[in-house]
Amino acid sequence: MLYNKYRPSTLEEVVGQIKVKNVLSKIIEKPLEDAPQVYMLSGPTGTGKTTVARILKEHFKIHDESYTEINSADKTGVNDARALSESFNMLPMHGERTMVVLDECHMLSSASWNQLLKPLEDTPKHVIIVLCTSVIEKVIPAVKKGRYQLLDFSELKPRDLGPLLQKICKKENKVVEKKVLQCIVGKAEGSARFAITMLESIIDLDNEEDMLEVISGSIDKDMEEFYPLCQAMLNLKNWNVVLPLLQTITSDPESIRFRVLDFMSKAMMNPKYDVDQANDVIKEFKHSFSESGKAGLYHACFEAVSE
């Protein structure tokens, strides 16, 4: 995948995020023993949080065997959190430090956070904890400010995304017209991951018209999957109806999310639909499923139809 192929490996290569890089530059200048041990990386999906976590891994000289990335959407249970908390007491098998990255940590339950409070407040000297979230307001009640170093990521500007896509095209020896790149930037929602993923979907097409058609979503191969799902969330509001529809979905959850958002935004302008319900669905689907995958899709649908 192009996104992984061109993932930055140094702080200098990270696109945009000037404030984040300024804070990290000062941290990197410190002796390792004086650097913070707990980090909160907050911001929209696809803006560099996991990338920066991996750069921190290199800075702290963490061996691969002592580095773990956990998708919190898949590990929401209290037993998972208890096991993780207990693991922090174990010394690393390789190197001097262990690092754990909790991605989408806002998906953790209150009981799970209670299990993690002690290591977050009194972190063992050999442990580095990185909390990543796209919904920090759901995390703040569980984790006190002052217990972590906040790195606040923002959506990338067109002036950042445009040159990034041009650079990738050049390295891949591909010609993509400026109009197409501008269209990608406009639909990327400030996310480098979205932008590069869209670029990859059209980079081998032969002409500009086909590229624009794919980007605009007019080739809607998953219409049969997302349309019944939208209707069920909008009109029936019943999880027992929505669940069987979800179980038939084979398309990428992020692709479904885009189409649900497009459908609901149009529904809000149509008097025959429940505008308030359409708005509730949009709220649940506004954050990416690129990291949470099907778990994120299921969670968003459940929340959208729950009273």
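Tutor: Let's start with a term we will need: a residue is called buried when its relative accessible area is under 20%. Keep in mind that this model is predicted.

Student: Thanks! Is Leu2 buried or exposed?

Tutor: Leu2 lies in helix α1, which covers residues 2-5. Its relative accessibility is 7%, and the cut-off for burial is under 20%. Leu2 therefore counts as buried.

Student: Which residues does Leu2 touch, leaving out those up to four places away in sequence?

Tutor: One of them is far off along the chain: Leu2 and Ile168 are 166 residues apart in sequence. In space, their C-alpha atoms are 8.3 Å apart. The full list of residues touched by Leu2 is Ile168, Glu172, Ile196, Glu200 and Ile203.

Student: What about His59, is this residue buried or exposed?

Tutor: You will find His59 in helix α3, residues 49-59. There, His59 touches Ile27, Ile28 and Leu32, not counting residues up to four places away in sequence. Its relative accessible area is 15%, and under 20% is the range for burial. So His59 is buried.

Student: Now the sheet. Which strands are at its edges?

Tutor: Five strands form an open sheet with parallel pairing, in the order β2-β3-β4-β1-β5. An edge strand pairs on one side only. The edge strands here are β2 (67-71) and β5 (149-152).

Student: Which residue in β5 stands opposite Leu41?

Tutor: As background, strands of a sheet pair through backbone hydrogen bonds. Strand β1, residues 38-42, pairs with β5 in the parallel sense over four bridges. Opposite Leu41, in β5, stands Leu151.

Student: Which helix packs on the sheet, touching β1 and β5?

Tutor: Look for the helix spanning residues 18-29. Its direction makes about 145 degrees with that of β5. The helix is α2.

Student: How are α7 and α8 placed, parallel, antiparallel, perpendicular or oblique?

Tutor: The axes of α7 (residues 178-187) and α8 (residues 192-202) come within 9 Å and cross at roughly 140 degrees. Roughly antiparallel needs an angle over 145 degrees, and roughly perpendicular needs 65 to 115. That makes α7, relative to α8, oblique.

Student: How many residues in the contact of α7 with α8 are nonpolar?

Tutor: Helix α7 brings Val180, Leu181, Ile184 and Lys187, while α8 brings Ala195, Met198, Leu199 and Ile202. Lysine belongs to the charged group. The division is one charged, no polar and, for nonpolar, seven.

How values were computed
Residues are numbered from 1 along each chain as its sequence is written. This is a predicted model: local features need pLDDT of at least 70, side-chain atom pairs count only at pLDDT 80 or more; totals for chains, interfaces and linings use all residues. Side-chain values use heavy atoms; hydrogens and water are left out. Helices (H or I, at least four residues) and strands (E, at least two) are DSSP runs, numbered from the N terminus. Buried means under 20% relative accessible area, exposed over 50%, partly exposed in between (1.4 Å probe, protein chains only). Contact means heavy atoms within 4.5 Å. Two strands pair if DSSP finds at least two bridges between them. Axes are lines fitted to C-alpha atoms, for helices over the stretch in contact, and angles run from 0 to 180 degrees between N-to-C directions. Angles under 35 degrees count as roughly parallel, over 145 as roughly antiparallel, 65 to 115 as roughly perpendicular and the rest as oblique.
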